[in-house]
Amino acid sequence: MSIDKGAAKEPSSAVSGGLPDGLADGLPWERRRWAVAAIFTALAMASLDTAIANIALPAISSDLHVSAAESVWVVNVYQIAMVATLLPLGALGEIVGHQRIYLGGLLLFTIASLGCALAWSLPTLVAARALQGLGASGLMSVNTALVRFVYPSRLLGRGFGHNALVVATAFTLGPTVASGILALGPWPWLFAINIPFGLLAMLIGLKTLPATPRAVHAFDFPGAVLAAGCLGLLIIGIGGAAHGAQPVLVGIAIVGAALLGFILTRRHADHPAPMLPIDLFRQSLFALSAATAICSFAVQGLAFVSLPFYFEDVLHRSQVETGFFMTPWPLVVAIMAPIGGRLSDRFSAGVLGGVGLLLLGLGMVLLATLPTVPSVANIVWRMAICGIGFGLFQTPNMKAIMSSAPPHRSGSASGIVATARLIGQTTGAALAALCFGLADREGATLALALGAGFAGVGSVMSFLRLTVTSQRNT
């Protein structure tokens, strides 16, 4: 995998500003390309598995003789297990080494994929998917932290751009890959295909992933339980609201999450590396970047839930046409991710993110105001604007989050990158469901307008980072 061959001659012994003494600034070219292959192969697998499981639900429901509502747990349990453990595993990576968490997560993900392929009932499949979600959390929680230590500091933007490119490409190709596999064989093949790729990535990773700095403090197991409970209940509450659960149950989950979060914050008030990284959130640049990420992914969640209904129910397009119309957004994000990464090595994340979210908001407004009978081109260029805006924002913002955290807190910062993405997407999906409940057929238009509002708020917060940067410089 020759992603940055132009840097092949760079020295491997340079020490980056902000890195601990004796820690090399990235890996030498030959080792880096193999480490990147291991990291991005596993990341693609974890990203694909979120999308392909959705496509397989009808086949799983029919084969295991369960209702459609019951089969949704195959998706839900994966997401809950992943989100609940992101911060604890990111914190553990700071203690035992990010590469160990990554390889352990990859091993568990691969074994759990075999368990999913061999599952004979819904309970066994759900249990295997929970373990798979835990493995995916091991990958996602330290993914960006590892990228930070694999690439030299002058190429960090490019590295994060490649990271975003892999996620966007997997997201784009997920439904197509799943449909192709299901056309050739039964649904267990969707999970079995992970096994050879997982083993290959593990063999490469064992030889090439860098050893990262290790903290001296002990791992706080009670704190990990509190963090997992807080995030797990939060996702259950938000997801329950999206699926029309009883308001009382949703309220209990949200209040429970807030209570556990309060207890965790008090417990870690004087901790050198708190599980919920309140020390990092005290830095304005980190806090604004994380909040901006949540806003942007809420826009994505609102759009990707509402747009299929908008195209089919409002514009009266077929399912095939809807699938085609949904493709430009992630496809353009995949193209823009490395471009945004290169730009982030030269320009401020505040400017790039602010402009990107303005374009995303403009795209949402243009989609919400489509003519009654739009042409194909009229829809596609609007979706492309959304993709350009989101792609321009994503990589610089990821770099801002990681760069504003000290190297020894890279695990917690990496966990926040993944947590912000999933919380934003889940919140957006829940708000889209609320819009449909309030406005019925017009709910899709309302959701798009709400998404434009989130993009506007995110843009303002992104530009506010310029004042933080200027204050630092003075």
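Start by selecting α5 and α17: α5 passes α17 in a right-handed crossing. Keep in mind as you look around that this is a predicted model. To find the two helices, highlight residues 122–150 for α5 and residues 410–439 for α17. Their axes come within 7 Å and cross at roughly 125°, and that makes α5 oblique to α17.

Leave α5 on screen and add helix α4, residues 98–118. How do the axes of α4 and α5 cross? They come within 7 Å of each other, at an angle of roughly 155°. That makes α4 roughly antiparallel to α5. Check the handedness too: here α4 passes α5 in a left-handed crossing.

**Next stop: Arg 409**

Now select Arg 409, in the loop between α16 and α17, and show its side chain. Is Arg 409 buried or exposed? Its relative accessible area is 1%, so Arg 409 counts as buried.

Add Glu 94 to your selection. Arg 409 forms a salt bridge with Glu 94, and their closest N and O atoms are 2.9 Å apart. Glu 94 sits in helix α3 (residues 73–96), 315 residues away from Arg 409 along the chain, so to speak a link between distant parts. Glu 94 is buried as well.

Then add Asp 279, which meets Arg 409 in another salt bridge (2.8 Å, N to O). You'll find Asp 279 in helix α11 (residues 278–281), 130 residues from Arg 409. Asp 279 is partly exposed, because its relative accessibility is 22% and buried means under 20%.

**On to Asp 345 and Lys 399**

Select these two for a further salt bridge, with the closest N and O atoms 2.9 Å apart. Asp 345 is in the loop between α14 and α15, while Lys 399 belongs to helix α16, 54 residues away. Asp 345 is partly exposed at 29% relative accessible area, whereas Lys 399 is buried at 16%. Looking back at the previous stop, shared partners join Glu 94, Asp 279 and Arg 409 into one network. A search of the whole structure finds five salt bridges.

**Last stop: a patch on the surface**

Switch to a surface view and pick Val 351, Val 355, Leu 358, Phe 463 and Leu 466, which form a nonpolar patch with about 360 Å² of accessible area together. Which helix gives the largest share of the patch? That's α15, with three residues. Both α15 (349–368) and α18 (443–473) supply at least two residues each. Finish by clicking Val 355, in helix α15: at 35% relative accessibility, it counts as partly exposed.

How values were computed:
Residues numbered from 1 in each chain as written. Predicted model: local features only at pLDDT ≥ 70, side-chain atom pairs only at ≥ 80, totals over all residues. Heavy atoms only, no water. Patch = residues over 30% accessible without salt bridge, like charges linked within 9 Å, V, L, I, M, F, W, Y side chains within 5 Å. Areas by Shrake-Rupley, 256 points an atom, 1.4 Å probe, with all protein chains shown as cover. Salt bridge = Lys/Arg side-chain N within 4 Å of Asp/Glu carboxyl O. Helix = DSSP H or I, 4+ residues; strand = E, 2+ residues; numbered from the N terminus. Buried < 20%, exposed > 50% of the residue type's maximum accessible area, 1.4 Å probe, protein only. Axes fitted to C-alpha atoms, helices over the stretch in contact; angles between N-to-C directions. Parallel < 35°, antiparallel > 145°, perpendicular 65-115°, else oblique. Left-handed = near helix turned anticlockwise from the far one by under 90°.
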